[in-house]
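User: Could you take a close look at one part of this model for me? I'd like to hear how one helix packs against its surroundings.

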Amino acid sequence: MAKRALPNHIGFIPDGNRRWAVQRGLSKEEGYRFGIEPGLALFEQCKELGIPEVSVYGFTQDNTKRASPQIQAFRSACVEFALEIARRGAALLVVGKYGSRQLPEELRAFQTRQGEGIKVNFLANYHWEWDLAGLAEGEIRSREVSQLDLIVRWGGGRRLSGFLPVQSVYADFYVVDDYWPDFTPEHLDRALAWFKKQDQTLGG
């Protein structure tokens with residue numbers, strides 16, 4: 001199989017906001033607002049490269065067990081990011097437990113994909129068990145999300161943390177040790193250079 005120059009679908013796990021904030025003497029919840037601009041920069045980089053589809057971890061149902069100020073902060077940051085990429089031309093789909101009070105009202109319009117252009121699947125109030133429970137009705141609930149080729153995680157973690165388990169089965173996994181607010185375009189450039197060297201036979 002010929003190696004692809006670029007993946008068709010990249011997943012992003014932007015981790016480390018709270019640790020970044022604490023290192024700078026800020027409260028944990030303050031770290032989330034510093035993740036918005038990096039997210040917009042990454043979105044523009046993917047658009048420029050011509051990546052057809054990306055999936056971004058916003059927050060999970062497990063994250064809503066955190067202290068109230070943190071919940072309010074990451075929900076607010078997620079809304080600001082999602083609405084801005086929609087304004088910039090994303091074909092945005094929000095994937096997460098619909099009908100839950102934890103899903104911000106501003107994101108409910110995107111429970112069906114809105115817009116044209118680069119597909120962005122934004123996981124908000126997502127949980128893998130909720131996703132797979134859709135099988136009882138015939139299909140997983142993230143059925144509109146395609147198979148992932150590459151997953152990039154910031155913050156040094158080496159785990160999926162429940163990120164789209166069905167679509168991730170053959171994805172290559174690249175770890176950035178820097179915290180998410182310290183994102184630079186070189187992080188993605190290095191991930192893509194690494195991806196080109198990986199075995200892409202998918203078991204064949």
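Analyst: Here's a walk around helix α5, starting with its helix neighbour and moving on to the sheet. Keep in mind that this is a predicted model.

Let's begin with the helix pair. Helix α5 covers residues 185-196 and packs with helix α2, residues 36-49, at an angle of about 45°, the two axes being 10 Å apart. That angle makes α2 oblique to α5, and the crossing is right-handed. If you want to click through the contact, α2 brings L42, Q45, C46 and L49, while α5 answers with P185, L188, D189 and L192. Sorted by class, that contact has 6 nonpolar residues, 1 polar and 1 charged.

Now for the sheet. α5 also lies across three strands, β1 (9-13), β5 (150-153) and β6, and runs at about 145° to β6. Those strands belong to an open sheet of 6 strands, ordered β3-β4-β2-β1-β5-β6 with parallel pairing. β6 (172-175) is an edge strand, as is β3 (91-95); each has a single partner, so one side of each has no neighbour in the sheet. From one strand to the next, the twist averages 20°.

Elsewhere in that sheet order, β4 sits next to β2. Strand β2 (residues 53-60) and strand β4 (residues 119-126) run parallel and are joined by 7 bridges. For a handy landmark there, look for V54, which stands opposite V120 in β4.

So to put α5 back in its setting: it packs with α2 at about 45°, and it lies across β1, β5 and β6.

Conventions:
Residues are numbered from 1 along each chain as its sequence is written. This is a predicted model: local features need pLDDT of at least 70, side-chain atom pairs count only at pLDDT 80 or more; totals for chains, interfaces and linings use all residues. Side-chain values use heavy atoms; hydrogens and water are left out. Axes are lines fitted to C-alpha atoms, for helices over the stretch in contact, and angles run from 0 to 180 degrees between N-to-C directions. Helices (H or I, at least four residues) and strands (E, at least two) are DSSP runs, numbered from the N terminus. Angles under 35 degrees count as roughly parallel, over 145 as roughly antiparallel, 65 to 115 as roughly perpendicular and the rest as oblique. A crossing is left-handed if the near helix is turned anticlockwise from the far one by less than a right angle, and right-handed if clockwise. Contact means heavy atoms within 4.5 Å. Ala, Val, Leu, Ile, Met, Phe, Trp, Tyr, Cys and Pro count as nonpolar, Asp, Glu, Lys and Arg as charged, and the others, Gly among them, as polar. Two strands pair if DSSP finds at least two bridges between them.
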